[in-house]
Amino acid sequence: MGAMGAAEPLQSVLWVKQERCAVSLEPARALLRWWRSPGTEPSAPDAHACSVLVSEIIAVEETHVHEKQSSSGRWQKMENPFAFTVHCVKRARHHRWKAAQVTFWSADEQLCHLWLHTLRELLESLTSRPKHLLVFINPFGGKGQGKRIYEKKVAPLFTLASITTEIIITEHANQAKETLYEINTDGYDGIVCVGGDGMFSEVLHGLIGRTQQSAGIDPNHPRAVLVPSTLRIGIIPAGSTDCVCYSTVGTNDAETSALHIIVGDSLAIDVSSVHHNSTLLRYSVSLLGYGFYGDLIKDSEKKRWMGLVRYDFSGLKTFLSHQYYEGTVSFLPAQHTVGSPRDKKPCRAGCFVCRQSKQQLEEEQKKALYGLENAEEVEEWQVICGKFLAINATNMSCACPRSPGGLSPAAHLGDGSSDLILIRKCSRFNFLRFLVRHTNADDQFDFTFVEVYRVKKFQFTSKHVDDEDNDLKENGKQGFGQICTDSPTCSCSPSRSSWNCDGEILHSPAIEVRVHCQLVRLFARGIEEQS
C-alpha cells in the first residue's frame with residue numbers, strides 16, 4: 001500500500017470477484033485501473049487491464065459484506081472482509097452508456113477506507129457536475145411514458161449520484177417556458193426536460209428568453225447579439241423522434257442521457273433566431289423546413305387523433321400531392337467555417353471544425369467591433385429564385401433512428417452556421433430517390449435538382465408575397481383559385497406553404513434567419529467515435 005498525496009498515485013492489491021488484482025489510481029491521469037496480479041505485491045499491468053476515468057465514475061459506496069458472500073470461495077479465508085463498490089459508466093453498442101459496478105475487497109479495513117476516501121475526494125473536486133436540478137416532465141408526449149421512464153431509469157441514477165431534484169410535471173403546453181420566466185433559477189445547476197423535441201423547445205425558449213430579459217436585450221431585433229445562458233439543458237428522451245438528443249448523443253436512450261448529465265458533460269450548440277417584420281417568431285436548433293416538411297407538419301396537426309402514425313400518413317399524403325412553391329432565397333455564406341456540407345466529416349465529440357469555426361467567427365466579430373471592416377459589406381449576399389419542392393435549413397444533422405445520417409450528415413453543432421438545402425421542382429420519382437437517400441449512406445446532395453450551402457444568415461420571400469396583386473388577378477382568371485385552394489378536391493397548386501420550425505408551424509412564409517454560435521449548452525459531449 002502506498003500513501004497518496006494530492007498528485008501521488010495509489011496502488012494496492014485488492015480482490016475483484018474471485019481474483020487477486022493490482023489496483024492503481026493515478027490522479028495526474030485521473031484514471032482508475034486494475035488487472036490480475038497473483039502475487040502479494042502489485043505486478044505490472046498487462047494487455048487485459050481494465051480502466052475507468054475518474055470523470056466517468058458515478059459514485060463510490062462502502063459495501064457491507066453479507067454472510068452468503070463472505071462464506072463462499074476465497075472469502076472463507078478472510079475473517080472480516082471489507083469492500084467498496086465503484087459505480088461507473090460502461091460503453092455499449094450504438095453509443096449507449098450503461099451503469100456498471102465493480103466491487104473491490106480486502107481484509108484490511110483501513111486500506112478500504114483509504115480508497116473510499118481518496119476516490120470520493122476526487123469526485124468532489126469535479127466542479128462541472130450538477131448537484132441540484134430542475135426537472136420538467138411531459139406526461140403526454142410521445143407514447144405518454146415520460147413519467148414512467150424518469151421514475152424507472154433516471155431517478156435511481158440521480159439518487160445514486162447524490163443529485164437532488166425539483167420535479168414539475170407539466171399540465172399544459174408552454175408551462176415549462178412560462179415557469180422559467182417566472183422563477184429564480186439561481187439555485188439550480190441545470191434544467192432537465194423529460195419528453196420529446198417539443199418539450200426541449202419549450203425549455204430552450206424559456207431559458208433563452210429569460211436570459212435576454214435579465215440582460216436587457218430585445219430579442220425582436222433581428223441583429224441583436226444574444227447572451228448565452230449559464231445553465232445547461234439535459235434531455236431525457238421520451239418523445240416520438242427525439243431528433244435533438246439523437247444528433248447530440250448518438251442514441252435516444254434515457255439511461256445514456258442521464259449518465260451524461262451525472263458526469264457533467266457540456267456541449268455548446270448553435271441556435272437560429274427566426275424573425276418576421278422585426279418580430280421574433282421562434283428559435284430553432286434542428287430543422288427549419290418549407291414546402292414538403294412544412295406541409296407535412298401542418299397536415300399532421302389536423303390528425304392528432306391518429307397518434308404517432310399521423311406522421312407517416314401525412315408524409316405519404318404530402319409526397320403524393322407533390323406541391324412546389326415559388327420564392328426567393330437570399331443568404332450570407334458562412335466563410336468563417338472550416339468545413340463544408342459535402343465533406344463527409346460529421347460532427348463528433350471534441351469537434352475541431354466547431355472549435356476552429358468559432359475562433360474564426362470571433363475574429364470576424366472583433367474586426368467589425370473595432371471598425372476595421374463590416375463583415376456583411378465585405379461578404380456578398382447570394383440570391384436564388386425558383387420553384388422549390390422543399391427548402392430546409394439544419395443546424396445539426398437531424399439524425400434519428402429512421403434516418404441515422406439525418407438531413408445533412410456533415411452539419412456541425414457549434415460552428416455558427418446552418419446548412420441550407422434547396423430542392424428544386426423535379427419529378428415525383430426523383431424526389432422519392434432524394435428522400436430514400438436519407439435512410440442510407442448515399443450522398444443525398446448528389447442530384448442536379450438539389451443545392452446545399454453553409455450559411456450564417458438567410459431570408460426567404462414567397463412569390464405570393466412579392467407579387468400578391470398579380471397572383472390575385474391570375475387566380476381570378478383561373479376561376480376563384482385563391483378560394484378553391486382550401487378545397488380538398490381542387491387540383492390547383494397553393495401559392496405558399498408554412499415553415500416547420502422544430503416541429504412547430506410558422507404561418508408566415510417570409511422570414512429572416514440568423515445563426516447564433518454556441519448560444520446554448522447541453523449536458524452532452526457530442527457523438528463519440530466508435531472504437
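Which residue in β3 does C21 stand opposite? Here are some close-ups of this predicted model to look at, starting with that one.

**View 1. Strand β2 sits between two antiparallel partners, β1 and β3.** The opening question is settled here: C21 stands opposite R36 in β3. C21 is also the β2 bridge partner of L14. Strand β1 (residues 10-16) pairs with β2 over seven bridges, while the pairing of β2 with strand β3 (residues 31-36) runs over six. Six of the eight residues of β2 (residues 19-26) are buried, so the rest of the structure largely encloses this strand.

**View 2. Two hairpin turns, each with a positive phi.** Between β1 and β2 there are two residues, and K17 in this hairpin takes a positive phi near 55 degrees. The β2 and β3 hairpin has four residues between its strands, with A30 in the turn at a positive phi of about 50 degrees.

**View 3. F84 and F104, a stacked pair.** The whole structure holds 16 aromatic pairs. In this one, the ring centres of F84 and F104 are 5.3 Å apart and the planes sit at 25 degrees, so the pair counts as stacked. F84 belongs to strand β6 (residues 82-91) and F104 to strand β7 (residues 97-106), so the pair ties together parts 20 residues apart in sequence. Both F84 and F104 are buried.

**View 4. Y290 and F460, a tilted pair.** With ring centres 4.7 Å apart and planes at 50 degrees, Y290 and F460 make a tilted pair. The pair links distant parts of the chain, 170 residues apart: Y290 is in strand β14 (residues 287-291) and F460 in strand β18 (residues 450-462). Y290 is buried at 2% relative accessible area, and F460 counts as buried at 1%.

Terms used. Residues are numbered from 1 along each chain as its sequence is written. This is a predicted model: local features need pLDDT of at least 70, side-chain atom pairs count only at pLDDT 80 or more; totals for chains, interfaces and linings use all residues. Side-chain values use heavy atoms; hydrogens and water are left out. Rings of Phe, Tyr and Trp (its six-membered ring) pair if their centres lie within 6.5 Å; planes under 30 degrees apart count as stacked, over 60 as edge-to-face and the rest as tilted. Buried means under 20% relative accessible area, exposed over 50%, partly exposed in between (1.4 Å probe, protein chains only). Two strands pair if DSSP finds at least two bridges between them.
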